[in-house]
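Welcome! Let's take a short walk through some side-chain contacts and see where they sit.

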Amino acid sequence: MGTASTTDEEMLRTLYAEHAGPLFRYALRLTSGDRQWAEDVVQETLLRAWQHPAAFEPARGPARAWLCTVARHVVIDGHRARKARPAEVDGEALEQAAEQTRGEDQIEQALQSWAVADALRTLSPDHRAVLLETYYRGRTMAEAADVLGIPLGTVKSRTYYALHALRLALRERGIEP
């Protein structure tokens, strides 16, 4: 078992020593000067060569011709894969997109706030006061009743009807609560 592994390593080292330089220059032309991609192409080509040792039998012709064909196919597959998925973007482009989205979200939030404020103005003063105490100031129904000086049951019913009226006013403005 040790001799087969040693033989494989020797074959791979020999392949690399004889063909890596010319194969890299060829891959560099195929990848339009993209050094990293060319290095990946050479690595993938040599891996395939190691997986298919029968391709290097003298009867099959020169090894470099086979390696160049494999490299060309690796590049073609790479082009196809890049076309099949969305374009990759760098961190700066992602940050700009996120910043734009945050800006759009802030604008949307401001517009909704204005619409809600406008809808609140359509409510009666009693309904506005109950919603202000219970939702805006975060008071419980009992606390709101104390602050407003009205019975707890009145706070509960006004809250129910105020929310119903607010929901209708928001729908009229195109906002679905």
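On the surface of this predicted model, Leu12, Leu47 and Trp50 form a nonpolar patch, and together they have about 240 Å² of accessible area. Trp50 belongs to helix 2, which covers residues 35–51. With a relative accessibility of 36%, Trp50 counts as partly exposed.

Helix 2 also holds a charged pair: Glu44 and Arg48 are 4 residues apart there, or about one helical turn. They form a salt bridge, one of 5 found in a search of the whole structure. Here are three of these contacts, with the closest N to O distance for each.

| Acidic residue | Basic residue | N to O distance |
|---|---|---|
| Glu44 | Arg48 | 2.9 Å |
| Asp118 | Arg121 | 3.7 Å |
| Glu133 | Arg137 | 2.5 Å |

Asp118 and Arg121 are both in helix 4 (residues 91–121), where 3 residues, about one turn of the helix, separate them. Asp118 is partly exposed at 31% relative accessibility, while Arg121 is exposed at 57%.

Is Glu133 buried or exposed? Its relative accessibility is 5%, so Glu133 counts as buried. Its partner Arg137 is partly exposed, at 45%. The two do not stand alone: Glu133, Arg137 and Arg139 are linked in a network of salt bridges.

Finally, the aromatic rings. A search of the whole structure finds 1 aromatic pair. The rings of Tyr160 and Tyr161 have centres 5.0 Å apart and planes at 85°, so they meet edge-to-face. Tyr160 is exposed, with 54% relative accessible area, and Tyr161 is partly exposed, with 49%.

Note on methods. Residues numbered from 1 in each chain as written. Predicted model: local features only at pLDDT ≥ 70, side-chain atom pairs only at ≥ 80, totals over all residues. Heavy atoms only, no water. Phe/Tyr/Trp six-rings, centres within 6.5 Å; stacked < 30°, edge-to-face > 60°. Buried < 20%, exposed > 50% of the residue type's maximum accessible area, 1.4 Å probe, protein only. Patch = residues over 30% accessible without salt bridge, like charges linked within 9 Å, V, L, I, M, F, W, Y side chains within 5 Å. Areas by Shrake-Rupley, 256 points an atom, 1.4 Å probe, with all protein chains shown as cover. Salt bridge = Lys/Arg side-chain N within 4 Å of Asp/Glu carboxyl O. Helix = DSSP H or I, 4+ residues; strand = E, 2+ residues; numbered from the N terminus.
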